[in-house]
Amino acid sequence: MSKLKIGVIGAGSISEVHLNAYKSNPEVEIYAICDLNEQRAKEKAEAFGASHVFTNYHDLLALPEIHSVSICTWNNSHAEISIAALEAGKHVLVEKPLCKTVEEALQVEEAVQKSGKLLQVGFVRRYGSNTKILKQFLDNGELGEIYYAKASCLRRLGNPGGWFSDKERSGGGPLIDLGVHVIDICWYLMGRPKVKSVTGNAYNRLGNRSNIKNLSFYRAADYNGAVNTVEDLANALIRFENGASIMVDVSFTLHAQKDELSVKIYGDKGGAELEPELAIVTEKHDTILNVLPQVDNLSFDFVDAFKNEIAHFIDATMGRKETLSPVQDGVEMMKMLCAIYESSETGKEIVFE
Ligand SMILES: NC(=O)c1ccc[n+]([C@@H]2O[C@H](COP(=O)([O-])OP(=O)(O)OC[C@H]3O[C@@H](n4cnc5c(N)ncnc54)[C@H](O)[C@@H]3O)[C@@H](O)[C@H]2O)c1
């Protein structure tokens, strides 16, 4: 059987991880790569054996033999490229966040419905092995009903600059970049309850702190310390119709002693921590137990999760599995994220109808 031909649009940092995952999948052939930056596209094509290189994604989508695409561009083009790809008859794996606004998200959802093609949102943490283990406990009712989740993703110094810090291209700062992951994973583990209301705060108090010396941090290729239009800290309380709630805080910079990543969920029969390490808390015979699973990876394994995500995407395009992260979940996430920004701007709780 001939291999499924794959196109990758956006050939920057994260595309490398997609490309490595495709490379290790025996069912696919990395066929075409597109980037506004031709040099970058050429280099990736050479490294991964793609025979076609483009700077305009429409040209890539015009190839009838392409079966599926990964969209790894800046957030401001996710909706536009997803819609064009679906209309061209391609299955789509689009990086998180699905897009920048709820309006765009609904347009993408409509395009999915019209095209009958698959769109998987890059909520890669859903595909992590620690998530899969915990999900089995949840699906078997071991933690009861999850009524509270708490997540933090705090960088003391880590505004990557470039497009990340340009609100026009990114849609926002740590909330849309990091918050999207941790809110999503809590919401997914809680069973995706319907969101009822959101209250949040976004602060731009410290800027990007490009003045800091003697402490390194990840910078985008086109870093420019003078440009920063995104928040540096955001927090939120999200309430759901079933009474459950999520509390979250995320930052690109904060006067904190150290970085922090934590994802915790609490149910009426037990609790669990997914990050920094998988742990389960329960009660037996009037005694509280902290249970430590004996597994290879207690934390999120980046490379392994992307491999799983892409294998799952290919399976879903072939009708062998349902995607774990459908477009509808991308839309719901955009509702939550945009409501947090709106609540911060208006100083009010945003209530959904
Ligand atoms: N899932 C994750 O954990 C994860 C991690 C990092 C980034 N991301 C997401 O991946 C996306 C890309 O991030 P990155 O870190 O790779 O950024 P990057 O800046 O390294 O790469 C983005 C590339 O897209 C290209 N590009 C932008 N618009 C384009 C267009 N219209 N057509 C063709 N090429 C275009 C740019 O030239 C650049 O080379 C973002 O949406 C980001 O949120 C996800």
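Select G7 first: in this predicted model, G7 stands opposite V69 in β4. Then extend the selection to the two strands concerned. Strand β1 covers residues 4-9 and strand β4 covers residues 66-71, and the two pair in the parallel sense over 5 bridges.

**The sheet**

Now display the strands beyond this pair. They form an open sheet of 6 strands, with parallel pairing and the order β3-β2-β1-β4-β5-β6. Go next to the edges, where β3 (52-54) and β6 (119-122) each pair on one side only. Viewed across the sheet, neighbouring strands are turned against each other by 20° on average, direction ignored.

**A helix across the sheet**

Keep the sheet on screen and add residues 302-317, which make up helix α9. Helix α9 lies across β1, β2 (28-34), β4, β5 (91-95) and β6. Relative to β6, α9 runs at about 170°.

**The two domains**

Colour the chain by its domain assignment: domain 1 comprises 4-124 + 309-325, and domain 2 comprises 126-300 + 332-351. A distance drawn between the C-alpha centres of the two domains comes to 25 Å. At the contact, select 17 residues from domain 1 and 16 residues from domain 2. On the side of domain 1 that touches domain 2, α5 (102-115) and α9 each supply at least two residues. By class, the residues on that side of domain 1 divide into 9 nonpolar, 5 polar and 3 charged.

**The ligand**

Centre the view on the ligand and show the 25 residues around it. Which of these residues come nearest? They are G10, G12, S13, I14 and E95. Next, highlight helix α1 (residues 13-23), which gives the most to the shell around the ligand, with 3 residues. With the domain colours still on, the shell can be seen to draw at least three residues from each of domain 1 and domain 2. Recolouring the shell by class shows 11 nonpolar, 9 polar and 5 charged residues.

**The last stop**

Finally, select residues 327-346, helix α10. This helix has 20 residues, and the distance from its first C-alpha to its last reaches 28 Å, close to the 28 Å expected at 1.5 Å a residue. Step on to G347, just after α10, and inspect its backbone: G347 takes a positive phi of about 70°.

Terms used:
Residues numbered from 1 in each chain as written. Predicted model: local features only at pLDDT ≥ 70, side-chain atom pairs only at ≥ 80, totals over all residues. Near = placed C-beta within 6 Å. Helix = DSSP H or I, 4+ residues; strand = E, 2+ residues; numbered from the N terminus. Nonpolar A, V, L, I, M, F, W, Y, C, P; charged D, E, K, R; others polar. Domains from an automatic or database assignment. Expected span 1.5 Å × (residues − 1). Pairing = 2+ DSSP bridges. Axes fitted to C-alpha atoms, helices over the stretch in contact; angles between N-to-C directions. Contact = placed C-beta atoms within 7 Å.
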